[in-house]
Amino acid sequence: MKLLGLSHIKEVDYLTVKNQSITFLELVERAGTVIFNTIHERLQGAQVPIHVFCGLGNNGGDGLVIARLLVEHGYNVTTYIVNFSTNRSKAFLVNYDRLKEIDNEWPVQLKNEEEFPVISPNDMVVDAIFGIGLNRSMEPWVKKLIVHLNDTNAFILSIDVPSGLYAEKPVEDEKSVIYANVCLTFQAPKLIFFLPETAKYAQDVDYINIGLDAQYLNEVDTKMELILKNEVLKFYQPREKYSHKGSYGHALLIGGSKGKIGSMLLASKSCLRVGAGLVSALVPECGYDIMQTGLPEAMVVDHDNDNYLEDFEFDIEPSVICIGVGLGMHEKTFEAFVDFLKKNDKPLVIDADGLNMLSKDKVLLKFIPKQTVLTPHVKELERLIGVWSDDFDKLEKVKIFSKKYSCIVVIKGANTITVHNDEIYVNTTGNPGMATAGTGDVLAGIITGLISQGYKALQASIFGVYLHGSAGDIAVESLGYQALLASDIVNNIGKAYLELFKQPDQNKQ
């Protein structure tokens, strides 16, 4: 599913009006009606006090349509006009007049904080003050209104985006943004719903189909994609009946040091579990027994040093190499890492201490093969690209980094984002229970295992992140967030595959 930016939203609105031979006012009426129907379906006529706050632009026009329909259907509604400017859109003016025609009480005019209404925690607030096009700072009293609404603890439903949230730039003041319980957004998701700094303003987001131009939505190249089941199903490679283990590659994982062999065990196990034909682990001697006992299906490559790796010599021909998991930062290990990068021509996945070694000497980045996959957590990413000012700045810096080194960067987090050149892919699976030791090692192993089987590096990254999160979602259903372990994710990779082909329960309400 494509993520739309502000320019795409404006263009699809224009094309919808043009291609469907309707007016913009008719599109606003349609949008407001769909939102009303959603509210009506959930409330079923319940007489909870509803407070509709409307701005002066098109978002306010949507709010006025909703208010009018709520009044017509007998709901207990009070409408407020937030007079922050002398300018009013046509959508606002026309729908303001329509509301006045059927409402015995004119909308309440708000011009300062003395006029703020008393709202109970049991009431409902419909936020239609500012829409996706907000591009300037708000009046101080309007900011106080937003603080007031947040402080009421009423249920807040925002239209399209929570008021005060910009479409493509960071929040200037957290107190100037509505914290919505639900946001009903039009047709397609927006990036701001998936970034750590802006996602928190909408606890739940529903996408409302208002009949925007389908051809445009199908064909537009936004360079941003939200990854759902349908997006990864197209990557799936079924197994041939007469295939064998050699058909699915030989993955080599290089890593581990004294006290950190468990990370290699997790990565190697997930690599096999996701479908790699063969897996070999190059670990120091202290890891032999752990690897051979904990994962008899894997092979262990000989190494003489007991506590850490001081050379990366091997006599196999791997399909892909994953390096860095539990590797440590010993001086001799670093020297071996440098020597390895200069000689290697195999596809690479670099994680953990492999990333830290690249950060230690960034000249080494010129030696990584094209389409190398880097899987940093936040601090590892910061060491690679430098400090960023906000999430938008972070993405821009990662895009520049990806293009410069022709690599794929998997930014691990609540909505893991895969970046390739100018393209970003936002994952939708996963949960807070996965914020635990070892889950990153599992992800590195999954991506490595997919590349081993013949998936292209970008496909393997996107698909691997999805499977990783899906396995975590399945595991947490029976364990809860706090009890989830990285090994539980490994154990549910098979179920994550099966979930891809599971049909929705038609009887489920």
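Visitor: Let's start with Lys-394 and Asp-391: which helix do they both lie in?
Guide: The two are three residues apart, about one turn of the helix. Keep in mind that we're looking at a predicted model. The helix that holds both residues runs over 391-405, and it's H14.

Visitor: How far apart are N and O where the side chains of Lys-394 and Asp-391 meet?
Guide: Neither partner is out in the open: Lys-394 is buried at 10% relative accessibility, and Asp-391 is buried too, at 4%. A salt bridge needs nitrogen and oxygen within 4 Å. This pair makes the cut, with an N to O distance of 3.6 Å.

Visitor: What about Lys-169, which residue does it form a salt bridge with?
Guide: Lys-169 is partly exposed, at 33% relative accessible area. Its partner counts as exposed, with 52% relative accessibility. The closest N and O atoms are 3.9 Å apart, against a limit of 4 Å, and the partner is Glu-172.

Visitor: How many residues apart in sequence are the parts that Arg-68 and Glu-29 tie together?
Guide: Their side chains meet in a salt bridge, 2.4 Å from N to O. Arg-68 belongs to helix H3 (residues 58-72) and Glu-29 to helix H2 (residues 24-43), so the pair links parts whose separation in sequence, in residues, is 39.

Visitor: Of that pair, is Glu-29 buried, exposed or partly exposed?
Guide: Arg-68 is buried, with 8% relative accessible area. For Glu-29 the value is 21%, and buried means under 20% while exposed means over 50%. That places Glu-29 in between, so the class is partly exposed.

Visitor: Which residues are linked in a network of salt bridges with Glu-29 and Arg-68?
Guide: The structure holds 18 salt bridges, including the one between Arg-68 and Glu-29. That pair belongs to a network, and the other members are Glu-72 and Arg-98.

Visitor: Switching to cysteines, why is there no bond between Cys-271 and Cys-322?
Guide: Both are tucked away, with Cys-271 at 0% relative accessibility and Cys-322 at 1%. A disulfide needs sulfur atoms within 2.5 Å. The closest cysteine sulfur to that of Cys-271 is the one in Cys-322, and it is too far for a bond because the gap is 7.7 Å.

Visitor: So what does the disulfide count come to?
Guide: Looking from the other side, the sulfur of Cys-322 has Cys-271 as its closest cysteine, again too far for a bond. By the 2.5 Å rule, the number of disulfides comes to zero.

Visitor: At roughly what angle do the axes of helix H16 and helix H18 cross?
Guide: H16 covers residues 457-479, H18 covers 493-500, and their axes come within 8 Å. H16 is roughly perpendicular to H18, a class that takes in angles of 65 to 115 degrees. The crossing angle is roughly 105°.

Visitor: How many nonpolar residues are in the contact of H16 with H18?
Guide: From H16 come residues including Phe-463, Leu-467 and Ile-474, while Ile-493, Ala-496 and Leu-500 are among those in H18. By class, the contact also has one polar and two charged residues. The nonpolar count is nine.

Visitor: Last one: which strand is Val-301 found in?
Guide: Val-301 is buried, at 12% relative accessibility. Beyond its neighbours within four places in sequence, its contacts include Leu-252, Leu-282, Tyr-288 and Phe-314. The strand it sits in covers residues 299-301 and is S11.

Notes. Residues are numbered from 1 along each chain as its sequence is written. This is a predicted model: local features need pLDDT of at least 70, side-chain atom pairs count only at pLDDT 80 or more; totals for chains, interfaces and linings use all residues. Side-chain values use heavy atoms; hydrogens and water are left out. Buried means under 20% relative accessible area, exposed over 50%, partly exposed in between (1.4 Å probe, protein chains only). Axes are lines fitted to C-alpha atoms, for helices over the stretch in contact, and angles run from 0 to 180 degrees between N-to-C directions. Helices (H or I, at least four residues) and strands (E, at least two) are DSSP runs, numbered from the N terminus. Angles under 35 degrees count as roughly parallel, over 145 as roughly antiparallel, 65 to 115 as roughly perpendicular and the rest as oblique. Contact means heavy atoms within 4.5 Å. Ala, Val, Leu, Ile, Met, Phe, Trp, Tyr, Cys and Pro count as nonpolar, Asp, Glu, Lys and Arg as charged, and the others, Gly among them, as polar.
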